[in-house]
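Me: I would like to learn how to read the contact between two chains and the charged pairs in a model. Could you walk me through it?

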Amino acid sequence: MALDKDGIAKRIAQELKDGFYVNLGIGIPTLVANYIPEGMEVILQSENGLLGIGPSPNPDEVDPDLINAGKQTITATPGSAFFDSSASFAMIRGGHIDLTVLGAFEVSEKGDIASWKIPGKLVKGMGGAMDLVAAAKNIIVATTHTDKDGKSKLLKHCTLPLTGVNCVRRIITDMAVVDITDAGFKLVERAPGVSVEEIRSATEGSLVVEGDIPEMNF
Amino acid sequence: MNKVVKDANEAIRGITDNMTILFGGFGLCGIPENCIKALAATDIRGLTCISNNAGVDDFGLGVLLAKHQMKKMMASYVGENKEFERQLLSGELEVELIPQGTLAERIRAGGAGIPAFFVPAGYGTEVQGNKEVREFKGRMHLLETGITADFAIVKARYGDTRGNLIFNKTANNFNQVMATAGKITIAEVEELVPYGTLDPNHIHTPGIYVQRIFQGTNYEKRIEFRITHQ
């Protein structure tokens with residue numbers, strides 16, 4: 001049974017380590033914040049100038065000067081820090097973020113990612129995505145394995161305009177955990193109840209399957 | 001030294017057709033509301049506007065667009081403004097989309113006298129264009145150039161009569177760095193105080209960068225997505 005969005009987020013949260021500084025992109029990645037293990041300290045960075053994103057504010061706490069990268073109102077945790085945009089991206093570009101999680105339209109078997117533009121239809125701009133994927137040392141893509149028309153998002157080559165090249169190392173989908181190696185996509189885990197065959201037919205790029213593939217452990 | 005002006009109308013004096021202007025803000029957070037309104041009330045046209053975002057249809061920079069005062073927009077994300085996206089797709093408006101971090105660093109470099117620098121963002125994408133590419137430590141980088149503008153218009157929480165500025169929380173964003181890169185920098189502030197009031201340890205933008213300052217009025221401070229804890 002393929003995972004839902006929260007299932008994907010729960011599996012990604014297993015990649016977190018105590019003391020990690022993390023940047024979560026818009027969409028499914030933001031849900032990861034809801035599944036940080038009890039007792040683990042993880043500090044969330046917001047590209048618009050905050051280290052220490054807290055939970056959503058109570059209605060009487062809403063502050064128009066305190067928003068996240070998605071322009072949503074947030075709070076700041078105790079021990080947080082505010083800084084300007086150039087300092088924020090210096091932090092990102094300088095490789096200081098331990099984990100970056102973002103969504104994608106397509107990922108290629110060489111680790112290319114397309115996540116920002118659909119020509120003629122969606123040209124909103126790339127925001128901070130290109131900076132994040134170009135410099136991040138640990139990038140996880142959170143996505144459905146196929147799009148709403150059933151077309152694979154794990155491809156031999158991306159067809160859409162790229163956000164970055166050769167930068168993704170791990171993809172966590174509703175069906176599987178897939179790593180990117182020199183030999184292409186490598187299947188690491190299956191979602192509970194999902195077979196290797198189902199994953200193979202949903203993956204257009206080369207998929208390496210070695211030995212018994214364990215199920216995700218929740 | 002008198003940097004204090006009466007209001008936005010006085011502050012924007014000297015802005016003319018076809019100028020390049022930096023506007024602070026991230027989304028609608030920290031935007032110089034008074035100056036944008038004042039510009040929208042003029043006949044100034046052909047502006048090249050540099051800002052991270054493009055406002056929404058009826059607020060922020062979207063107002064300048066609706067009045068056809070903009071020739072070109074340089075931004076990292078224009079998605080919250082439907083009219084922008086439409087004008088971009090139809091070709092009516094010239095738009096240069098720049099990765100947010102590269103945009104911030106280009107502005108910082110412009111104000112800091114650095115004509116060009118290398119960053120990895122955009123390598124292998126359409127952002128690369130014809131830019132010079134160089135390898136450093138086994139990774140590919142693009143040559144990007146510093147940005148300066150005729151005017152920079154920024155918004156701060158506190159300012160003093162010498163132009164020193166303090167920003168509030170995430171309303172800083174691009175304001176701090178843009179203040180350094182305008183030939184003339186205009187600062188509108190929520191609270192203008194006599195110099196000597198602000199703690200020198202807490203200044204984000206030293207007054208050297210600011211030429212005109214005034215206390216703004218009637219800040220709407222719109223919220224794009226009001227999310228609360230249920």
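Reply: Happy to. This is a predicted model, and a good place to begin is polar contacts: between chain B and chain A there are 22 residue pairs in polar contact, with both residues at pLDDT 80 or more.

Me: Which helices of chain B each supply at least two residues of the side that touches chain A?

Reply: They are α4 (82-90), α5 (100-111) and α6 (175-178) of chain B. The most comes from α5(B), which gives six residues to that side. Sorted by class, the side of chain B that touches chain A has 21 nonpolar, 17 polar and 12 charged residues.

Me: How many residues does each chain bring to the contact?

Reply: Chain B brings 50 residues and chain A brings 47 residues. Together the two chains bury about 4000 Å², and 60% of that is on carbon and sulfur atoms. On the chain B side, F26(B), K169(B) and T170(B) supply 16% of the area buried against chain A, more than any other three residues.

Me: Now the charged pairs. What is the general idea?

Reply: Side chains of opposite charge can pair when their charged atoms come close. For this model, the cut-off to keep in mind is a Lys or Arg side-chain nitrogen within 4 Å of an Asp or Glu carboxyl oxygen. By that rule the structure holds 25 salt bridges over all chains, and three salt bridges are counted between chain B and chain A.

Me: Which residue of chain B pairs with D63(A), and how far apart are the closest N and O atoms?

Reply: The partner is K169(B), with the closest N and O atoms 2.7 Å apart. The pair crosses between chains: D63(A) sits in the loop between β3 (50-53) and β4 (76-82) of chain A, while K169(B) sits in the loop between β9 (165-166) and α6 of chain B. For accessibility, D63(A) counts as buried because its value is 16%, whereas K169(B), at 28%, counts as partly exposed. You have met K169(B) already, as one of the three residues named for buried area.

Me: What about D65(A)?

Reply: The side chain of D65(A) meets that of K221(B) in a salt bridge, at 3.1 Å from N to O.

Me: How should I read a salt bridge that stays within one chain?

Reply: Look at where its two ends lie along the sequence. R170(A) and E15(A) form a salt bridge, their closest N and O atoms being 3.1 Å apart. R170(A) is in strand β10 (residues 170-172) of chain A and E15(A) is in the loop between α1 (5-13) and β1 (21-24) of chain A, so this pair ties together parts that are 155 residues apart in sequence.

Me: Are R170(A) and E15(A) buried or exposed?

Reply: Both R170(A) and E15(A) are buried. Another pair to set beside them is R190(A) with E215(A), whose closest N and O atoms are 3.9 Å apart. Because R190(A) lies in strand β12 (residues 184-190) of chain A and E215(A) in the segment after β13 of chain A, the pair ties together parts 25 residues apart in sequence. Here R190(A) is buried, at 18% relative accessible area, and E215(A) is partly exposed, at 38%.

Me: Which residues does strand β13 of chain A cover, and which one could I look at there?

Reply: Strand β13 covers residues 207-208, and V208(A) is placed in it. Leaving out residues up to four places away in sequence, V208(A) touches A183(A), F185(A), K186(A) and L187(A). With 23% relative accessibility, V208(A) counts as partly exposed.

Note on methods:
Residues numbered from 1 in each chain as written. Chains lettered and ligands numbered in written order. Predicted model: local features only at pLDDT ≥ 70, side-chain atom pairs only at ≥ 80, totals over all residues. Heavy atoms only, no water. Contact = heavy atoms within 4.5 Å. Buried area = accessible area lost by both parts, 1.4 Å probe. Polar contact = N/O pair within 3.5 Å; in protein donor to acceptor, adjacent residues only side chain to side chain. Helix = DSSP H or I, 4+ residues; strand = E, 2+ residues; numbered from the N terminus. Nonpolar A, V, L, I, M, F, W, Y, C, P; charged D, E, K, R; others polar. Buried < 20%, exposed > 50% of the residue type's maximum accessible area, 1.4 Å probe, protein only.
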